[in-house]
Amino acid sequence: MGSNRVRARRLVCASVLILLAVVRPSRAAEPPLRFSSDFPVSPSMAERVSFWVRIFTEVSQNEIVLHDRDDVRIVYDVIPYGGEDAVQPVRASYEHLLASLALEDAFPLAMRAPIDATCAPEAPERLRVRALFGASAGPLAYVRAMGHIRAQRGMKEMFADGLARADIYMPAIRRVLAEARLPSELAYLPHVESSFNPNAVSRAGAAGLWQLMRDTADGRLKIAAGVDERFDPVRSTEVAVDHLARARGVLGSWPLAVASYNHGIAGIARARAAVGSDALDDIIRGYQSSSFGFASRNFYAEFLAAAHVARHAGYYFPDLKRTPIVQYVVRRGDTLWEIARKHRVSVRALVAANNLGRSPLQLGQRLIIRL
């Protein structure tokens, strides 16, 4: 009798599992990080790449990731975006927790008084943060980490927008790269630089798809009153590709060449000489310079993450709706109001799609119009 009940229960459980598998199919395994031999990825670099994949695909622009500046595997929290006023109290709470963990590990329990109830050894948050450090856990690691808590804003929506815009410019970029006999993966670099917005302008004055500075474009592109060819997708691509080819020739490898796109060819050459190694991993670990900050250390990983996500966009953005996009070349006498009216879009939408701000229209400028 008892054995029949056991069999019946097993049949019921098996039926439920089969039903769940049919009703809620499991998501396919995440695509592995694979790149051509031109772009090697060490285990430590893969960890950085995975961090940026998450930033690009999981974390909204309305969220902030609090993580360790040097070890991006250590992610403390994801909080709503609200500027530094919202970040600072949360950062302070984790600094306090790290300090208490360091104290606990440095001194026997009998030699210290309890700090507060939340610092009890069995507190789940306390155990979670301790586990983040893995084998490196200990007083010195916790104290170091106290000053290394960094805030990174999510980019999920921005990357999705970039995927739609990239459809317009990818054919021309791939053609220029092919003619220069450079790796096709470089076509994804504008995802990091501008989210494929040809009218993007940085605070430092970099402009266009490839965020070219004036000194990089000097003598190659026309930059004068009313005309700035850095906003021309094809001409700027030609200059960017030439610059990357030169960087590869000087530095000897594509990881260093890509890193130099952020830190400068001379800057990476100095870092290589200071560390005494051609390996980007060694430079990231060993080079100390106030100018070689988080952005420079992570630029190669960001680029690889962008290339990976773009190549597997169907997996990371399965519900992405690619709104029809057309290009419009600004002609003499055009105004934003007339262009918007002609294409039946609002001026606000036209300005937002092209990151125009208060910048005046330029003759020959290419505008993105979402229909």
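**Tour: a strand and a helix pair**

Select strand β1 (residues 63-68) and strand β3 (residues 149-153): 5 bridges join β1 to β3, and the two run antiparallel. Strands here are DSSP runs of E with at least two residues, helices are runs of H or I with at least four, and both are numbered from the N terminus. Two strands pair if DSSP finds at least two bridges between them. This is a predicted model, in which local features need pLDDT of at least 70, side-chain atom pairs count only at pLDDT 80 or more, and totals for chains, interfaces and linings use all residues. Residues are numbered from 1 along each chain as its sequence is written, and side-chain values use heavy atoms, leaving out hydrogens and water.

Stay on β1 and pick V65, which stands opposite Q152 in β3. Next add strand β2 (residues 75-80), which is antiparallel to β1 and joined to it by 5 bridges. I64 has I79 of β2 as its bridge partner. Follow the chain from β1 to β2 through a hairpin of 6 residues. Now colour β1 by accessibility: 5 of its 6 residues are buried (under 20% relative accessible area, 1.4 Å probe, protein chains only).

Move to helix α9 (residues 233-251) and helix α10 (residues 254-263), whose axes come within 8 Å and cross at roughly 130°. Axes are lines fitted to C-alpha atoms over the stretch in contact, with angles from 0 to 180 degrees between N-to-C directions. The two helices are therefore oblique to each other (neither under 35 degrees, nor over 145, nor 65 to 115). To see the contact (heavy atoms within 4.5 Å), select residues including H243 and L244 of α9 and W254 and Y261 of α10.

Methods: Buried means under 20% relative accessible area, exposed over 50%, partly exposed in between (1.4 Å probe, protein chains only).
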